[in-house]
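This report describes a structure whose sequence and coordinates are shown below. The sections that follow treat a sheet, a chain, a contact surface and selected residues in turn.

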Amino acid sequence: MKSIAPYRRPYWNTQPDYLFPKYASSVRRAPTQPLVVLPHTLSEVTAPVFGYDDVKPADSDLTRQHKGEPQGERIVVHGRVLDENGKPVPGILLEIWQANAAGRYNHRVDQHDAPIDPNFTGAGRTLTDAEGRYRFMTIRPGEYPWRNHYNAWRPAHIHFSLFGPAIVSRLITQMYFPGDPLLEYDPMFTCVADEKARNRLICSFDWETTMPEYALGYRFDLVLRGREATPMENRR
Amino acid sequence: MSLRASTSQTIGPYLRIGLEWMVIEDLAPQGAAGERVSLEGKVIDGDGKPVNDAAVEIWQANSHGKYASPEDAQAKPLEPGFRGYGRSLTDDAGAFRFRTIKPGPVPGPDGKLQAPHLVVTLFMRGLLKQLVTRVYFPDEPANAGDPVLSLVPAERRATLVAQKKGDGVLEWNVVLQGRNETVFFDF
């Protein structure tokens, strides 16, 4: 049996710890016992495959899921999914969800006093193409209050869920917008010490993708874990 | 070229908006070779309260011990229509459920076979990154020699083994903190 090249372990300070007391909900949900280091076996380096039976092209346009047009500013969000070795990751499933332009989620537990938009569900999905590219049309989400601490507000963000080629490269993250004054107050955004890692969660304005008289363009690239170059024997 | 992996962020409380379209609680609706099993359980937080906003995902081989993934090069048969992936979103009681096929053994670190298991990924509000764990099967002699289970302190191994609840029904709970805290892996 040929040995399996494991996936790289996270670089120092670029991934959050489970317990992060500034994020109050982590206190009663983070594990308290030591984690057991998992060797990467066939079970860890494989992952489900999704295709066009799962996702329709229209699923990537969040502005055309209802009879009317949603309120708010139309935006294009696009980018590439690469791995840590710089290789594009083709054919993977991306799922996104977000608040509407007023900062309200179409969800029963969201009690924020801002209007629901009957023309906006706030969910989309797509597959990356052969070069790892993806593209969504949506509206810019609003900021909204939450109860983590006094006068707490989440910066505008879009949730991203990705399946990579391995179950250990599964990633759920959030995309933020450039220049948002709420970022520095947000315990999610500030959950890792590495400033460069944080800033990679902010998309960039993309004039090339901006559609004249229709929608601003933003670019957001994502990086999934990559494999170590050489298979190592008896790795634990 | 070397890049750093994107920083994980919490799934937050509104996961249903984005993930509910692909809830897969029956992994073999058209049937597949192998022993049918149901897995039921709850996710419980550090206050003993049910977690009603968790996404529980499972990943498994088919009954021949083959993953439906291009990364699995073993010469074993695939089962048409069996992807091996399940997603359940917990309800108000913190409960999740799957109906599936017991997986066959797959190779482990030294080419020795692992005991049949499911890989479990958990996302929820309060977790800035996913938890990864495994479910093993009760009355399975191979558990004793499993290379991953043997890395777990003996007194905690039982948290990774489902319990028989009825005919073909297994129970396995996720305890996030405290006594009987489930073993989670540094993946």
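## An open sheet in chain A

In this predicted model, an open sheet of chain A is built from 4 strands, arranged in the order β4-β3-β8-β9 with antiparallel pairing. The edge positions are taken by β4 (123-127) and β9 (171-176) of chain A; each has a single partner strand, so one side of each is left without a neighbour in the sheet. Direction ignored, neighbouring strands of this sheet are turned against each other by 20 degrees on average.

Within the sheet, β3 (residues 93-98) and β8 (residues 157-162) of chain A pair in the antiparallel sense, with 5 bridges between the two strands. One of the residue pairs in this ladder sets Q98(A) against I158(A), its bridge partner in β8(A).

## Overall form of chain A

Chain A contains 2 helices and 12 strands. Along the sequence these elements follow the pattern β-α-β-β-β-β-β-β-β-β-α-β-β-β. The C-alpha trace of chain A spans about 60 × 45 × 30 Å along its principal axes.

What radius of gyration does chain A have, set against that of a compact globule? For 236 residues such a globule would have a value near 18 Å, and the 19 Å of chain A agrees with this. Of the 236 residues in chain A, 44% are buried. Among contacts in chain A with a separation of 6 or more, 72% are made by residues 24 or more positions apart.

## The contact between the chains

In the contact between the two chains, 62 residues of chain B meet 68 residues of chain A. On the chain B side, the elements that give two or more residues are α1 (15-19), β5 (117-124), β6 (131-136) and β10 (185-186). The largest share comes from β5(B), with 5 residues. Sorted by class, this side of chain B has 31 nonpolar, 19 polar and 12 charged residues.

Strand pairing also links the two chains: β1 (residues 36-37) of chain A and β10(B) run parallel and are joined by 2 bridges. Here V36(A) has F185(B) as its bridge partner.

## Strand β5 of chain B

The strand β5(B), which gives the largest share of the chain B side of the contact, has 7 of its 8 residues buried, so it is largely enclosed by the rest of the structure. Strand β2 (residues 54-59) of chain B runs antiparallel to β5(B), and 6 bridges join the two. In this pairing I58(B) is matched with V120(B) of β5(B).

Another antiparallel pairing, again of 6 bridges, joins β5(B) to β6(B). There the bridge partner of L118(B) is V135(B) in β6(B). The two strands β5(B) and β6(B) form a hairpin with 6 residues between them, and G126(B) in the turn has a positive phi of about 95 degrees.

## The largest nonpolar core

In soluble globular proteins, nonpolar side chains tend to be buried together. The largest nonpolar core of this model has 106 residues, of which L162(A) and F123(B) touch the most other members. The element that gives the most to this core is β5(B), with 6 residues.

What does L162(A) contact, leaving aside its neighbours within four places in sequence? The residues concerned are V81(A), I92(A), L94(A), L171(A), L222(A) and L224(A).

## Two asparagines with positive phi

N151(A) has a positive phi of about 55 degrees although it is not a glycine. This residue is found in the loop between β6 (144-146) and β7 (152-154) of chain A. Is N151(A) buried or exposed? With 6 other C-beta atoms within 10 Å, N151(A) is exposed, because a residue counts as exposed if 12 or fewer such atoms lie within that distance.

In chain B, N180(B) likewise has a positive phi, near 65 degrees, in a residue other than glycine. The loop that holds N180(B) lies between β9 (174-175) and β10 of chain B. N180(B) is exposed, with 11 other C-beta atoms within 10 Å. The strand β10(B) that bounds this loop is joined by 2 bridges to β1 of chain A.

How values were computed:
Residues numbered from 1 in each chain as written. Chains lettered and ligands numbered in written order. Predicted model: local features only at pLDDT ≥ 70, side-chain atom pairs only at ≥ 80, totals over all residues. Contact = placed C-beta atoms within 7 Å. Nonpolar A, V, L, I, M, F, W, Y, C, P; charged D, E, K, R; others polar. Pairing = 2+ DSSP bridges. Buried ≥ 20, exposed ≤ 12 C-beta atoms within 10 Å, placed from the backbone. Core = buried A, V, L, I, M, F, W, Y, C linked by C-beta atoms within 7 Å. Rg over C-alpha atoms; globule rule 2.2 N^0.38 Å. Axes fitted to C-alpha atoms, helices over the stretch in contact; angles between N-to-C directions.
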